[in-house]
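Please open the structure in the viewer and keep the selection tool at hand. The tour below proceeds stop by stop, stating at each one what to select and what is found there.

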Amino acid sequence: MATLTRRFGVNSETDGLLKPMEKSGRSFYLLGLFFLLMVGWFLYAWFLQLTQGLGVTSMRTPVGAAWGVYIAQFVFFVGLAHGGIAVAAAIRLLKLKSFSPVARMGEVITVISIMMAGLSIMIDMGRPDRIFNIVLFWPNRVGSSPLSWDVTVIIIYFTLSMSFLWLTMRKDLSGLVAKFPKMAPVYRLLSIGYHPDEDAKVDRMAWWLSIAICFLIVFLSGGVVPWIFGLLSSRPGWFSALAGPYFLTAAISSAIGAVIVAAGVLRSSYNWQDHLKPQVFKGLGTFLAVVTLFYVYMIFAEQLTMQYSSPISELLVSEILTTGAFAPLFWPMLVLGFIGPAFTLLAQAIRPQWFSLPRTVFAAGAIVIAFWVKRFLIVVPSLLRPLLPFPEGSYSPSWVEWSIVAGILAMAILLFMAFIKLFPIMELHDEEHK
Amino acid sequence: MVGVLLQLANSGVVSRATEAESTGFSIPAGYMGYVVLGLIVTPVVILVASAVFGHPRNMRVPGLFLVCLGTLISATVVGFGLIGVLLGFVFPK
C-alpha cells in the first residue's frame, strides 16, 4: 500500500479501480463457471470435429458453403481487434484525456480478439495439425498468396499490440507488487527494470507506436483481410473494390460498440460512475452512430450496384439477401441492428436531454450483434451461388459449429474476466493525474 | 439452368494482359506479395524505429520493448509448431 501511495497517491479514487482485483462476488465466479463450462463443451465439439472430420459441420463443397460460421467469426474478431486498439491509439495520439479510462479496455479487447480470430481460422482448417506448414512454406507462398500476407501482418499486429499493452501497463504493475503479494512475482516480471524516469519515454513511444498501429489497422482491416474476399474475381458478392473500406468501417464500428458494452457493464458492476463518466459514453455513442450510418450507406451503395445492371451472378446474390433465403436475417440486421440503434444514438447526440446510458449500451450491443450477422451474410450467400454449373446450395450450421462458435465467444469473455481479475483494466496513473 | 446462366454471365471476365499486349510496367503476380508486405512493413519499421530512437533518449525501455516484441514473435512461431504437434496426437492415425 505504501508503494501504491508513493507511486500513485492512492486515494478512494484510484483504490476503487482495484475493486475487481481485490474481491469478486459470487455472481462473478458463477458467471466464470458458466463460461468455463461453455469452453469445456466447445473443446468436446472440437474434439469431435478433429476426430470425425469436417463432415460433422454443414460446410460442403462444391455444392454448398465451403466457409461458414467459423470464417464469419474470424472476420468478426479481426474487426473487433482492429477497432479496439484503434480507439486506444486515437486516445493516446490525439491526447483525448476524457476518454482515457476506456483506452486499456480497447487494448485488451484487441489482444483477446486477435487470439480468438486465430483460433477461429485454426478450427476451420481440415488439418490444423499441419498449421506449422504456414511457417515452413512461407517463403514459397508469400509472393502470391493473400492468405500468407494475412498471416504475416496478423502476427506483426498481434505482437505489436501485445507489446504496446505491456509497455503502457508497466508503471501500474510496478506499483501493485506490494498490494497483491500472491501476484507479486508476475507483476515483478512484467514490470522488470521499471524506473519512474522512464515514464516520459514510454509516453513518447506509445505515441509513435499508436501511429504504427493505426497504419497497420488501415492496411490489415482495410486491406489484407478484405482482399481475401475482394480479390476473388470468381466469387459474386465478394469481388469488389469496396471490400477494404467496407471491412474497415465495420471493424471500427463493432469495436467501439464492444468498448461501450464492456465499459457499461464494468461501470454498473463496480460502481465506477466517477471513473466512467456519461460524457465518455455520449462521445463514443455519437461517433458509433456516425460510423454505423456510413456503413449503412455502403450497404446501400453495394446493393444498388448489384441490383441495377450488374452481371446476373451478382444480382442473384443480392436477391438471395434481400428477398431470398437470407432476407429474414438481412432486414432485421439492417433495421434493428444498424439503422434503429444508430438513429437512437444520433438523436441522443442532437438532444442531450434524451441521453440514457443503459439505452446507449443497449444500442451499442445491438450494433455489435448486427455486425456478427453481417459477417455471416458476407461469407455464406456468395458461396451458395457458384459460377460453375453446380446447383444452388444451402447452409445451416450444425450443432457442432454453433457449439464451437459459442465456446469461442465464451472463451473471449472468460479471458476478459480473467484480465480484470488479475490486472487493472483502467490506468491507475491516469487517475492520479486527475 | 441457373448454372448455365451464371457461366454465360461470366463470359465478360478477361485474363491479365500478356507481356506483348502490356504497354507499361507491371508487377509479376509472383512478386505482388513482396510489394504489398513491403508497403505495409516498411512504414511500421520506420515508426517503431522512431519510437525506439526518438526523444527522450533512453535505450533501456526500447531495449526491453524490442526484447518483448522479439520474444512474442518467436513464441508465436514456436506456438504454431507446438499446436501442430499436440493436435497430431488427436487425429486418428
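Begin by selecting Y187(A), which counts as buried because its relative accessibility is 1%. The model is a predicted one, and every stop of this tour should be read in that light.

**An edge-to-face pair**

Keep Y187(A) selected and add F180(A): the two form an aromatic pair of the edge-to-face kind, with 6.5 Å from centre to centre and 85° between the planes. F180(A) is likewise buried, at a relative accessible area of 11%.

**A stacked pair within one helix**

A pair of aromatic rings is described by the distance of the centres and the angle of the planes. Over all chains, the structure holds 26 aromatic pairs. One of them is formed by F42(A) and W46(A), a stacked pair at 6.0 Å centre to centre with 10° between the planes. To see where this pair sits, select helix α4 of chain A, residues 26-52: F42(A) and W46(A) both belong to this helix and are four residues apart, about one turn of the helix. Is F42(A) buried or exposed? With a relative accessible area of 1%, F42(A) is buried. W46(A) also counts as buried, at 10% relative accessibility.

**An aromatic cluster**

Next, select F326(A), W372(A), F376(A), Y395(A) and W402(A) together; these residues form one aromatic cluster.

**Helix α5 against helix α11**

Now select residues 69-93 of chain A, which make up helix α5, and residues 199-230 of chain A, which make up helix α11. The axes of the two helices come within 9 Å and cross at roughly 155°. The two helices are therefore roughly antiparallel, since an angle over 145 degrees counts as such. In passing α11(A), α5(A) makes a left-handed crossing.

Which residues of α5(A) take part in the contact with α11(A)? Colour I71(A), F74(A), V75(A), V78(A), H82(A), I85(A), A86(A), A89(A), R92(A) and L93(A) to display the α5(A) side. On the α11(A) side, the residues that meet them include A206(A), W207(A), S210(A), I211(A), C214(A), I217(A) and F229(A). By kind, the residues of this contact comprise 17 nonpolar, three polar and one charged.

**Helix α5 against helix α6**

Retain α5(A) and replace its partner with helix α6, residues 103-124 of chain A. Here the axes come within 7 Å, and the crossing angle is roughly 160°. This pair, too, is therefore roughly antiparallel. The crossing of α5(A) and α6(A) is left-handed. The residues of the contact divide into 17 nonpolar, six polar and three charged.

**The loop between α5 and α6**

Move to K95(A), which lies in the loop between α5 and α6 of chain A. Most residues other than glycine have a negative phi, and most peptide bonds are trans. K95(A), however, has a positive phi, near 50°. K95(A) counts as exposed, at 60% relative accessibility.

A further positive phi, of about 50°, is found at N271(A), which is not a glycine either. To locate N271(A), select the loop between α12 (243-269) and α13 (278-308) of chain A.

**A contact between distant parts of the sequence**

Select L415(A) in helix α17, residues 399-422 of chain A. Which residues does L415(A) touch, apart from those up to four places away in sequence? They are I112(A), M115(A) and M116(A). Add S113(A) to the view: 302 residues separate L415(A) from S113(A) in sequence, while their C-alpha atoms are 9.9 Å apart in space. At 32% relative accessibility, L415(A) counts as partly exposed.

**From chain A to chain B**

Proceed to E198(A), placed in the loop between α10 (184-190) and α11 of chain A. E198(A) is buried, with a relative accessible area of 0%. Leaving aside residues up to four places away in sequence, E198(A) touches R170(A) and G193(A), as well as N58(B), R60(B) and V61(B).

The final stop is in chain B. Select P56(B), located in the loop between α2 (32-53) and α3 (60-90) of chain B. What kind of peptide bond joins H55(B) and P56(B)? The bond is cis, with omega at about -10°.

Notes:
Residues are numbered from 1 along each chain as its sequence is written. Chains are lettered from A and ligands numbered from 1 in the order in which they are written. This is a predicted model: local features need pLDDT of at least 70, side-chain atom pairs count only at pLDDT 80 or more; totals for chains, interfaces and linings use all residues. Side-chain values use heavy atoms; hydrogens and water are left out. Axes are lines fitted to C-alpha atoms, for helices over the stretch in contact, and angles run from 0 to 180 degrees between N-to-C directions. Angles under 35 degrees count as roughly parallel, over 145 as roughly antiparallel, 65 to 115 as roughly perpendicular and the rest as oblique. A crossing is left-handed if the near helix is turned anticlockwise from the far one by less than a right angle, and right-handed if clockwise. Contact means heavy atoms within 4.5 Å. Ala, Val, Leu, Ile, Met, Phe, Trp, Tyr, Cys and Pro count as nonpolar, Asp, Glu, Lys and Arg as charged, and the others, Gly among them, as polar. Rings of Phe, Tyr and Trp (its six-membered ring) pair if their centres lie within 6.5 Å; planes under 30 degrees apart count as stacked, over 60 as edge-to-face and the rest as tilted. Buried means under 20% relative accessible area, exposed over 50%, partly exposed in between (1.4 Å probe, protein chains only).
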